[in-house]
Amino acid sequence: MAKYLLLKHYKGAPAAVNDVPMEQWTPEEISAHVQYMNDFAARLEKTGEFVDGQALAPEGTWVRYDGEGRPPVTDGPFAETKDLIAGWMVIDVDSYERAVELAGELSAAPGAGGKPIHEWLELRPFLSASPTITECH
Amino acid sequence: MDEALLRSLTPSVLAILVRRGADFAAAEDAVQDALVEAVRVWPADPPRDAKGWLVTVAWRKFLDARRADTARRRREDLVEEEPTPGTAPTLDDTLQLYFLCAHPSLTPSSAVALTLRAVGGLTTRQIAEAYLVPEATMAQRISRAKRTVAGIRFDQPGDVATVLRVLYLVFNEGYSGDVDLAAEAIRLTRQLAAAIDHPEVAGLLALMLIHHARRAARTAPDGSLVPLAEQDRGQWDTKLIAEGVEILQAALARDRLGEFQAQAAIAALHADAPTAEETDWVQIVEWYDELARLTDNPVVRLNRAVAVGEADGPRAGLAALATLDDSLPRHTAVAAYLHERDGDLTTAARLYAEAAHKATNLAEAAHLTRHAARLNARLRG
């Protein structure tokens, strides 16, 4: 029983095997891809392993505190950002092996030519929130 | 209304329905519905016989559901059966329910969810909140678990060890949300101990009670961890400790030692020390040796290295640690601690930072980072 984040990148991940940008796919290929993602999430709901899934707009704003009484400073977006997150899925599974298996399935979503994209997904374990019972030293 | 009392009736009500011929999955749904109804109705109109009320309502819910099901399948000709007068449920029924919900065909997370619902009487929403997953996800997990055990006969004998593992998992989850899973695990283990006379069930109950007794002392007001040696022992719940020790002594006297009894014995030795300095580390090492004979769990040998470090000095602890696989969880944290005790602050600071990086728990990561920061400040000063 551990939660994992499956992270999908616009930029920053190693190149996929079937590395054709989405805007060059056919409309049917895009539909097939979206359908695959929805089916995947629905299947995880049925197995009782789904926690959350969200997609992010590619462009965002950087924000930081600028001192007492001043509005926060905003900046960006920066075109040169190396790492850009496209979206995520959070799963709650029994083992690391199961998390890898599911990430592998998600990476098989169809892309150009209806073939799996083989894209790289980043798998990150959550730090558990509840304190463990055994004492630390 | 005492919700814990209400929920304590869950297993026996469920067992009555199963004995009357309802299949487990449908009976379990019906009992849940009856519990929800009880929470709604009882505050204004408490029944004289709580269990009788639950049985009546649950059986009616079961019949309603079956009728709806039958109608849906257009089999109106199916004659509604009168409930067969089942024999009164016994403690054995409760035990069978534990076995079924911890059946080896279930994954650990499914067994935990099913146990909390069918034995514990918690709602799907409460379980979902405790495990921080959406309610729909938990509902699916539970219904899959019920399908998995659908073909298993209710009266098949099970393995107590699998039940204990499930209860221990629930206990270790601690408390997040409004359901106190540690307290719930204790309640379910108490109930199990009443249903079966088994020294390891007693051992697990003793272990939970002694650990639970230290709960208030284990975290500072800001939520940070307080290690055993630094805990305010005045905050320990001496009543719970006394109860745990008594249960443990009775179990140990039967001379059928098991893993949980040995762990409880170690917890009891810690609880017995008026100050951290007075801890009987020599005896604790002996118990770890015993535990290592009972289980091949490498975490036991890791904890043993800590105890050796206290009993025979940090060098001896480091020597014990050197024989273990350094990829074990918390290996680096233990190494950091022993190096600090040995006076090698530079190595300790580096290892604490590394251990914080590897920690799987937020509070533990913060705790280890604080140790690294403390040593780095001393090294600079």
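In what order do the four strands of the open sheet in chain A lie? Select chain A of this predicted model and display the strands: the order is β2-β5-β1-β6, with antiparallel pairing.

**Stop 1: the sheet of chain A**

Begin at the edges of the sheet. These are formed by β2 (50–55) and β6 (122–125) of chain A, each of which pairs on one side only. Viewed from one strand to the next, the twist averages 20°.

Next, select strand β5 (residues 84–93) of chain A together with β2(A); the two run antiparallel and are joined by five bridges. For a single pair to label here, take A:Gly53, whose bridge partner in β5(A) is A:Met89.

Keep β5(A) selected and add strand β1 (residues 2–11) of chain A. These two strands pair in the antiparallel sense over nine bridges. Label A:Leu5, which has A:Val90 as its bridge partner in β5(A).

Then turn to the pairing of β1(A) with β6(A), where four bridges join antiparallel strands. A:Leu5 appears here again, with A:Arg124 as its bridge partner in β6(A). The residue A:Leu5 is thus a convenient label for following the sheet from A:Val90 to A:Arg124.

**Stop 2: the annotated span of chain A**

Select residues 15–107 of chain A, to which an unreviewed UniProt entry assigns the feature "domain: YCII-related". The end C-alpha atoms of this span lie 12 Å apart, and its content is 35% helix and 24% strand.

Colour the chain by pLDDT. The average for chain A is 88, and 93% of the residues score at least 70. Residues 133–137 of chain A fall below 50; this stretch has 17 contacts in the model beyond near neighbours in sequence.

**Stop 3: where the chains meet**

Show both chains. Contact involves 35 residues of chain B and 20 residues of chain A. On the chain B side, the elements that give two or more residues are α6 (108–119), α8 (135–148), α9 (160–172), β1 (175–176), α18 (331–341) and α20 (362–380) of chain B. Which of these elements gives the most to the side of chain B that touches chain A? Select α8(B), which gives six residues. Colouring this side of chain B by class shows 18 nonpolar, twelve polar and five charged residues. For the complex, the predictor gives an ipTM of 0.82 and a pTM of 0.88.

**Stop 4: chain B on its own**

Hide chain A and select residues 98–148 of chain B, listed by UniProt in an unreviewed entry as "domain: RNA polymerase sigma factor 70 region 4 type". This span is 73% helix and 0% strand, and its end C-alpha atoms lie 15 Å apart.

Now select the two parts into which chain B is divided, domain 1 (3–72) and domain 2 (280–381). The distance between the C-alpha centres of domain 1 of chain B and domain 2 of chain B is 50 Å.

Finish with confidence. Chain B averages a pLDDT of 91, with 94% of the residues scoring at least 70. Where in chain B is confidence lowest, and where is it highest? The lowest mean, 62, belongs to β1(B), while the highest, 98, belongs to helix α13 (residues 238–252) of chain B. As a last selection, take residues 76–80 of chain B: the pLDDT there is below 50, and the stretch has three contacts in the model beyond near neighbours in sequence.

Methods
Residues numbered from 1 in each chain as written. Chains lettered and ligands numbered in written order. Predicted model: local features only at pLDDT ≥ 70, side-chain atom pairs only at ≥ 80, totals over all residues. UniProt positions renumbered as here; feature names shortened; annotations may be inferred. Contact = placed C-beta atoms within 7 Å. Nonpolar A, V, L, I, M, F, W, Y, C, P; charged D, E, K, R; others polar. Domains from an automatic or database assignment. pLDDT = per-residue confidence, 0-100. Pairing = 2+ DSSP bridges. Axes fitted to C-alpha atoms, helices over the stretch in contact; angles between N-to-C directions.
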